[in-house]
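User: Please take a close look at one part of this model, and explain in a connected account how it is built and what it packs against.

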Amino acid sequence: MTPPDDVETVLARLHRAAEEGQHLGAVAALRIAEPLGLDALTIDLITSTGTLELVWCDPADGPGHDLDTLQYTLGDGPTLEAVQHGYTVSEPDLVATDQARWPLFLPAAMQSPARAVIAAPLRADDGTFGALTGYRATPGAMTASQSHDFHRVRDGLLPLLMRSAPIAATGDSGGGDGLRRYRAEVQQAAGVLATALAIPPDQALARLRAHAFRHDRSLTDLARDALTRRLRLD
């Protein structure tokens, strides 16, 4: 396996892509988590309904997707807090974190490899439009250098993501911008339910979340069953 680039190389590639007017797709294959001392890294963008859409994971087959989905399904966690409040969230030891902070996410996270987390909002002049979240399998605070590099990478990603963010607002697949909408089926199922019950999309999503939580199911699997008519949305 090819060793990951160091942080300075990553930043140089991000800067070059930004100068060329590229989207995240131009550097989507970059391995960024490992040089930052992290085991997983995720990017979420805010949709037009105010929910978060996971659009990128590093590594692609790592634990980031599952940890992000936990927060999306349960409705609390570090990524959501960073977006809602606009500040960086850092917990060096999830085992020792006060459960009142994330009463649903923390117990579920204990069944995952994650033991430390950092989440930083993605901000532009118009406000917060997403979050960059990193996870580590061992507890302990990031060093000052690692934390500084994490925020440097976040800032390097901003111009690429600001060009890609319109997919979150429009609900389009993103075309050639290189972003993957991991929860497209959930958004579709929420839209169908909202239409069927004549309720707002956020209420429809809340009902799907409650059903998934009550029956200990993945929200994505639940949405897929609903869209293929194996589950009645009403």
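Analyst: The account below follows one helix, its helical partner and the sheet beside it.

The model is a predicted one, in which local features need pLDDT of at least 70 and side-chain atom pairs count only at pLDDT 80 or more, while totals for chains, interfaces and linings use all residues. Residues are numbered from 1 along each chain as its sequence is written, and side-chain values use heavy atoms, with hydrogens and water left out.

The part in question is helix α5, which spans residues 144-164; helices (DSSP runs of H or I, at least four residues) and strands (runs of E, at least two) are numbered from the N terminus. One residue of α5 to look at is His151, whose side chain is joined to that of Thr88 by a polar contact of 3.1 Å. A polar contact is a pair of N or O atoms within 3.5 Å; within protein, one must be able to donate a hydrogen and the other to accept it, and residues adjacent in sequence count only if both atoms are side-chain atoms. When residues up to four places away in sequence are not counted, His151 touches Ile118 and Ala120 as well as Thr88, where contact means heavy atoms within 4.5 Å.

Helix α5 also has a helical partner in α1 (residues 7-19), and the axes of the two lie 9 Å apart at an angle of about 20 degrees. Axes here are lines fitted to C-alpha atoms, for helices over the stretch in contact, and angles run from 0 to 180 degrees between N-to-C directions. The two helices are therefore roughly parallel to each other, on a scale where angles under 35 degrees count as roughly parallel, over 145 as roughly antiparallel, 65 to 115 as roughly perpendicular and the rest as oblique. The crossing of α1 past α5 is left-handed, meaning that the near helix is turned anticlockwise from the far one by less than a right angle. On the α1 side the contact is made by Val7, Glu8, Leu11, Leu14, Ala17 and Ala18, and on the α5 side by Asp149, Arg152, Val153, Gly156, Leu157, Pro159, Leu160 and Arg163. By class, these residues divide into nine nonpolar, one polar and four charged (Ala, Val, Leu, Ile, Met, Phe, Trp, Tyr, Cys and Pro count as nonpolar, Asp, Glu, Lys and Arg as charged, and the others, Gly among them, as polar).

The sheet is open and is formed by five strands in the order β2-β1-β5-β4-β3, with antiparallel pairing; two strands pair if DSSP finds at least two bridges between them. Because β2 (52-58) and β3 (89-91) stand at the edges, each with a single partner strand, one side of each is left without a neighbour in the sheet. From one strand to the next, the twist averages 15 degrees. Strands β4 (residues 116-124) and β5 (residues 127-136) run antiparallel and are joined by nine bridges, and Pro121 stands opposite Ala131 in β5. Helix α5 packs on this sheet, touching β1 (40-46), β4 and β5, and the direction of α5 makes about 40 degrees with that of β4.

One further detail belongs to the edge strand β2. Asp58 and Pro59 are joined by a cis peptide bond, with omega of about -5 degrees, and Pro59 is found in the loop between β2 and α2 (64-74). Most peptide bonds, by contrast, are trans.
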